[in-house]
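Work through the exercises below with the sequence and the coordinates open. Each task is followed by a solution in steps.

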Amino acid sequence: MATVAGVPSPVLLGVDGITVRFGGIVALDDVSFDIRANQICGLIGPNGAGKTTLFNCLSRLYRCDSGSIAFDGQRLTDLPRHRMAGLGIGRTFQNLALFKTMTVTENVLIGCHSRYHTGFLRNALGLPGVATKEAAARRRADELIEFLGLGAVAERCVADLPFGTQKRVELARALASPTKLLLLDEPASGLNHEEVETLAALIRDIRDRLGVTILLVEHHMHLVMGVSDRVVALNFGRKIAAGTPAEVRAHPQVIESYLGVSH
């Protein structure tokens, strides 16, 4: 549990009784859990467990049939989708969603848009304040590029970069807005062993140095159990376990869902 001088940090994200149905299929069934500020929380489960559906609910890509989601004191289910970017929730995707023909810097600057947005008309007319905010966006982009070790490739086209480097570009873009909660969707997918170890250190740095709370969906169990303060396990849309990595790793239903046998 994340603490400050022994005092538990406040709950940043509260998922309360979320249910999602697609026709006759129940993708999430009364799922509830909390994440405290400055925690790294792993979300695990076999394919089809409901992990991505939950991420899409948090991003407001999907609507919940019942239940509620509260983030930093606000009910997400009450807010229109266009307000999500300014709330402080950043996200990466399992399949990279980068602008491949643009440079690293240009991709990160796009992520700064919600933080320093001045409006199309103000930009077109060069009204007061535009240059100042553009400079602030550039400084933010440069800071993240340095933090993520992308300085040497900052002006290169993203399409020309190795897959692992592209993953770091997507991370930089997700962090470019004022991010309080970062949703990482399969960040280790496609990475080799050395890159996964580097990713683990980077996830900890994002929490420790940037103060960002992280919800991590990942099949790479060594990564999840190594970096998470807390782990939530889903199976067939239901929460089957929650607790420390050691507690969840030893839970009989978690073992059965992964190994297919009773423990």
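**Exercise 1: The chain as a whole**

In this predicted model, residues 24 or more positions apart account for 66% of the contacts in the chain with a separation of 6 or more.

Task: State how many helices and strands the chain has, what share of its residues is buried, and what area the chain exposes.

Solution.
1. The chain holds ten helices and twelve strands.
2. Of its 263 residues, 49% are buried.
3. The exposed area comes to about 12800 Å², and carbon and sulfur atoms supply 52% of that area.

**Exercise 2: The six-stranded sheet**

Task: Give the order of the strands in the open sheet, and explain why β8 and β12 each have one side without a neighbour there.

Solution.
1. The order is β8-β9-β10-β5-β11-β12, with mixed pairing.
2. β8 and β12 are the edge strands; each has a single partner strand, so one side of each lacks a neighbour in the sheet.
3. On average, neighbouring strands of this sheet are turned by 20 degrees against each other, direction ignored.
4. At the β12 edge, strand β11 (residues 230-235) runs antiparallel to β12 and is joined to β12 by five bridges.
5. To place one residue in this pairing, take Val-232: its bridge partner in β12 is Ala-242.

Task: Find which strands of the sheet are touched by helix α1 and which by helix α6.

Solution.
1. Helix α1 (residues 51-58) packs on the sheet and touches β5 (40-44), β8, β9, β10 (213-217) and β11.
2. The direction of α1 makes about 145 degrees with that of β9.
3. Helix α6 (residues 163-176) also packs on the sheet, with β8 and β9 as the strands it touches.
4. For α6, the angle with the direction of β9 is about 155 degrees.

**Exercise 3: Salt bridges**

Side chains of opposite charge can pair when their charged atoms come close. The cut-off applied here is a side-chain nitrogen of Lys or Arg within 4 Å of a carboxyl oxygen of Asp or Glu.

Task: State how many salt bridges a search of the whole structure finds. Then decide whether Asp-185 is buried or exposed, and do likewise for Asp-29 and Asp-208.

Solution.
1. The search finds seven salt bridges. Three of them are followed below, including the one between Asp-185 and Arg-91.
2. Asp-185 and Arg-91 meet with N and O 3.5 Å apart. This pair links distant parts of the chain, since Asp-185 is in strand β9 (residues 181-185) and Arg-91 in strand β8 (residues 89-91), 94 residues apart.
3. Asp-185 has a relative accessible area of 4%, so Asp-185 is buried. Arg-91 has 12% and is buried as well.
4. Asp-29 and Arg-238 form a salt bridge with their closest N and O atoms 3.5 Å apart. Here too distant parts of the chain are linked: Asp-29 belongs to strand β4 (residues 25-36) and Arg-238 to strand β12 (residues 238-243), with their positions 209 residues apart.
5. Asp-29 is partly exposed at 27% relative accessibility, and Arg-238 is partly exposed at 45%.
6. Asp-208 and Arg-207 meet in a salt bridge at 2.5 Å, N to O. Asp-208, at 52% relative accessibility, is exposed, whereas Arg-207, at 16%, is buried.
7. Salt bridges with shared partners join Arg-207, Asp-208 and Asp-229 into one network.

Key:
Residues are numbered from 1 along each chain as its sequence is written. This is a predicted model: local features need pLDDT of at least 70, side-chain atom pairs count only at pLDDT 80 or more; totals for chains, interfaces and linings use all residues. Side-chain values use heavy atoms; hydrogens and water are left out. Helices (H or I, at least four residues) and strands (E, at least two) are DSSP runs, numbered from the N terminus. Buried means under 20% relative accessible area, exposed over 50%, partly exposed in between (1.4 Å probe, protein chains only). Two strands pair if DSSP finds at least two bridges between them. Axes are lines fitted to C-alpha atoms, for helices over the stretch in contact, and angles run from 0 to 180 degrees between N-to-C directions. Contact means heavy atoms within 4.5 Å. Accessible areas come from the Shrake-Rupley method with a 1.4 Å probe; for residues, only the protein chains shown count as cover.
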